[in-house]
There are 2 protein chains.
Amino acid sequence: MDTGSARRTGVALTEKQRIAWLRLIRSDNVGPSTFRDLIHHYGSAEAALAMLPELSQRGGSTRVVRIADERDALRELETAHRFGARFVGIGEPDYPPALREIDGAPPLLAVKGNMPTATRPAIGMVGSRNASISGVKFTAMIARVCGEAGYAVVSGLARGIDTAAHRASLATGTIAAMAGGLDKPYPPENIGLLNEIWDGSGLAVSEMPFGWEPRARDFPRRNRLIAGISLGVVVVEAATRSGSLITARLAGEFGRLVFAVPGSPLDPRCEGTNGLLKDGAMIVTRPDDIVEALRPLAEPDLFRPRPAEAPVERSKPLSTPPDDAERDHIVEALGPTPVEIDDIVRHTGLPISAVHSILLELDMAGRLHRHPGGLVSISMLD
Amino acid sequence: MDTGSARRTGVALTEKQRIAWLRLIRSDNVGPSTFRDLIHHYGSAEAALAMLPELSQRGGSTRVVRIADERDALRELETAHRFGARFVGIGEPDYPPALREIDGAPPLLAVKGNMPTATRPAIGMVGSRNASISGVKFTAMIARVCGEAGYAVVSGLARGIDTAAHRASLATGTIAAMAGGLDKPYPPENIGLLNEIWDGSGLAVSEMPFGWEPRARDFPRRNRLIAGISLGVVVVEAATRSGSLITARLAGEFGRLVFAVPGSPLDPRCEGTNGLLKDGAMIVTRPDDIVEALRPLAEPDLFRPRPAEAPVERSKPLSTPPDDAERDHIVEALGPTPVEIDDIVRHTGLPISAVHSILLELDMAGRLHRHPGGLVSISMLD
C-alpha cells in the first residue's frame, strides 16, 4: 500500500509567508489556536503581526509583549537549512494529513528526513521506558508488520517501547516526534537512532524552536503530536499515570483508535494498558489486530483531510477596532468556566467580529485561556 | 455475607424415592434430560422404572436395555455412606441453587464435605495445568478475596490454577467438581488436597457413580458442573483449545458471567484468556473486579432458583400407550437436524402427551439424540 501521493493536498506557502508564519508562532502569547484565529481575523500572518502590539495593548497587557522579529525568524530558517531540516505549514502538501484535523495543530512543523513518510497513513506506538523483554519483542513484531502493511510508525524516541518501535520500522518508515527542538534530541543515547531515522526513510518532527531543550511539560505537548499524526495509537506496557496514557487519552479525544496490549495484572508495567482495556481500548494480541482495524481508516477516500481547517491566507479589509464598552462587556461576561464563543455572542449581543477581535486582544495580553473545543475562559484573578 | 440459609429451597426426597432416582439415572439411555422427561411423564422415578422395558421395546430397541436394579442402588448408597458421602436430588434443599437452572443438570449429585458450602453463591476459577508463577499467585489473590467476600470457589481439582484456587479458599469454602466418582480423584497428587477440602469447610461433588475412573470425555461434562454451580467463571491463563475455554463457553451459554485475566500475547498460556477478552469477557486485573461484578447477582432476591425446573414427583394416571402409526409418523418427521418438540406436535398434529411418550420410547431405545434447549433429532442411519 502506498497512498502517500494521494494524501498530499494543500497549497505551498511563499517564502515571505513562511517567515511571517514563523515570526507569528514564535511571538509571546501566540499558541496554535490563537495563530489560527489571528490568520482568520486579519487574513494573513503579516497583517496579524502588524496588529499584535495594538491588540495586546487594547487587551490590557501590563507589559510589552515580545514579537519575534524578522532577523530571529531568518536566523531560525538558516539554522534549519544548515541542519538539513525545513518548516512545513499546516496548509502545505507535506504536512501530516491526520495532524491537520486536531484542535491546536501546530501551524508550522520543523521536519528532517524522508518527506514522503510525512503523508503516509500512520500508527503511533508508545509504552514504558523500562519495558520488559517480551514487551520490546512484541513491539518489534507489530511495528514490522504495520510497516510492511504501509503504515508509518510514530513514536517519541524514548527508551524502551519507543526505541523498539522506531528500530523495527527503520526500513519501512518511522516518525520521531520530539519534545524539544530538532537539534535537542532526548534521551542522549538515542542520538544514533535519530540519525538512522532521518538519514533513512524516516522523519523527525518538532513544533519547538531550534535550540529548545525539552522540559517535563513539553512531553505531554509532544504526545499530542504522536496522537495527532496517527490514525490509531498502540500502547504496549504502561504504568498508571504514564505519558503513554496521556497519548492514548489524546488519541481518544481526537477520535483515533486506541489499542492496548494485555499483560499480567501483577506486572506494574501493564497496569496502564489493562486499564485502557477496561475503558474499552481494542485488545492487541497479534499484529493483524492493528492492521485489520486500521484498514478502513487508511482508505484515501474515507480519510480525507479537511484543508478548510487549516488557516488559509487571503486579503481582508481591516475592521474598525471594538470600543472599550464592548471589551468591558465581554470581560464581565467571562469567568473561570470555559464557554463557547457562540454563547458569548448570544449573551452580549455584540457582532461576532467584534467578539473575535476582543478575544484576540485579551489573548495577546495573556489574559485569555483557550481550551479544547474552542472554549475560552479568563482567570478571576485577572 | 452469608446467604446460605436463604438459598435452601426445595423438598427432601424420601429414602424410597432416592433409591428409585438412583436406579433411574444409572440405567442405560437415561441422561439428565431423559430423566426429567420421564419423571414429568410418569409422575415418579418408580413409575418410570416400571415403564422402561416396555418403552425401549416399543421404541424399537434391538437389544435389552440395562435397568439398574435395586440391589445395585442400595450397594451404591451403602458405598457412599461408608465413604462419608451422600446423594442430593435436584429438588432438595442442599442442591447447589445455580446448578438447578442449567439444561441437563444432574438429577442426583454425590457430595462429600461441608454441606452449607453447596448453597452459597459461588464463583468458578479455572486455568492452565502448567500455570506460571504469577498465574498461580494471582489465582490465590482472587480466590482469597472472593472467599472472604462470601463466595464459594469452584474448580476442577486439576494441577496449576485449579489447585491454587482450591488451596486459597480452603478456609472460606471451596467446591471440587470431579470428572470421575468421588472415590476416583484425579490427578493422584491432589488426593491430599481433596482430603483437606472435604475434611474442612469445602465440598466435593460428582454426578458419576462411585468407582468410575474418569475418561477424557468426562472432563467437559465435569466442566459443565463448574460453570453450572457458579454465578461466573474466571479463567486465569488458558491456551487455545483448552478445557478452561470449554468451561468459559458453557458459562456463557448458561448466562453466567465470564471473566478473563489478561496476559502477554507472547505467552501461549494467555492465548485463550486474551481470546476471551476479544470475545467480550470481563477483564480482571484486581480481585474486586470480580466481587463488584458478582454483587448484584449474589443478592438472594435477584438470584432466585426456579424449583419448578426440577422434576417434582406426583401421582399421575397412566395414559394409554401411543399406537404404531403415531410412532411411524414421528420417526418419519424426525431427521438429523435438531427440532423443537413443539414443532413435532404442530407438524404431526398428534396429542402432546403422545409425542412425549414416543420420544421417550425412542430415547430409551437409544435412537433419540437430545440437544441443548430441549431439541431432539434421530440419526438417518437409525
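Here is a short note on how the two chains are arranged and on some of the aromatic side chains.

1. A word on the ground rules. This is a predicted model, where local features need pLDDT of at least 70 and side-chain atom pairs count only at pLDDT 80 or more, while totals for chains, interfaces and linings use all residues. Residues are numbered from 1 along each chain as its sequence is written, chains are lettered from A and ligands numbered from 1 in the order in which they are written, and side-chain values use heavy atoms, with hydrogens and water left out.

2. Start with the two chains. Chain A lands on chain B after a rotation of 179° and a shift of 0.1 Å along the axis, with an RMSD of 0.1 Å (a least-squares fit on the C-alpha atoms of residues with pLDDT of at least 70 in both copies). The two copies are thus related as by a two-fold rotation axis. If you want to find that axis, look for A:Gly263: its C-alpha, at 2.0 Å, comes closest to the axis among the residues of chain A.

3. Now the interface, with contact taken as heavy atoms within 4.5 Å. The copies meet through the same surface, because 100% of the interface residues of chain A are also interface residues in chain B.

4. On to the rings. Over all chains there are 10 aromatic pairs (Phe, Tyr or Trp rings, using the six-membered ring of Trp, with centres within 6.5 Å; planes under 30 degrees apart are stacked, over 60 edge-to-face, the rest tilted). A:Trp21 and A:Phe35 make an edge-to-face pair, since their centres are 5.0 Å apart and their planes meet at 70°. A:Trp21 sits in helix α2 (residues 15–25) and A:Phe35 in helix α3 (residues 32–42) of chain A, so this pair ties together parts 14 residues apart in sequence. Helices here are DSSP runs of H or I, at least four residues long, and strands are runs of E, at least two, numbered from the N terminus.

5. Are those two rings buried or exposed? A:Trp21 is buried at 2% relative accessibility, and A:Phe35 is buried at 0% (buried is under 20% relative accessible area, exposed over 50%, partly exposed in between, with a 1.4 Å probe and protein chains only).

6. A:Phe83 and A:Phe210 are also edge-to-face, as their centres lie 5.6 Å apart and their planes at 70°. This pair links distant parts of the chain, 127 residues apart: A:Phe83 is in helix α5 (residues 70–83), A:Phe210 in the loop between β6 (203–206) and α9 (218–229). A:Phe83 is partly exposed at 24%, whereas A:Phe210 is buried at 13%.

7. A:Phe83 has further company. Together with A:Phe87, A:Trp198 and A:Phe210, A:Phe83 forms one aromatic cluster. The charged end of A:Lys112 sits over the ring of A:Phe83, 4.5 Å from its centre (NZ of Lys or CZ of Arg within 6 Å of the ring centre and within 35 degrees of the ring normal). In chain B, B:Lys112 sits over the ring of B:Phe83, with its charged end 4.5 Å from the centre.
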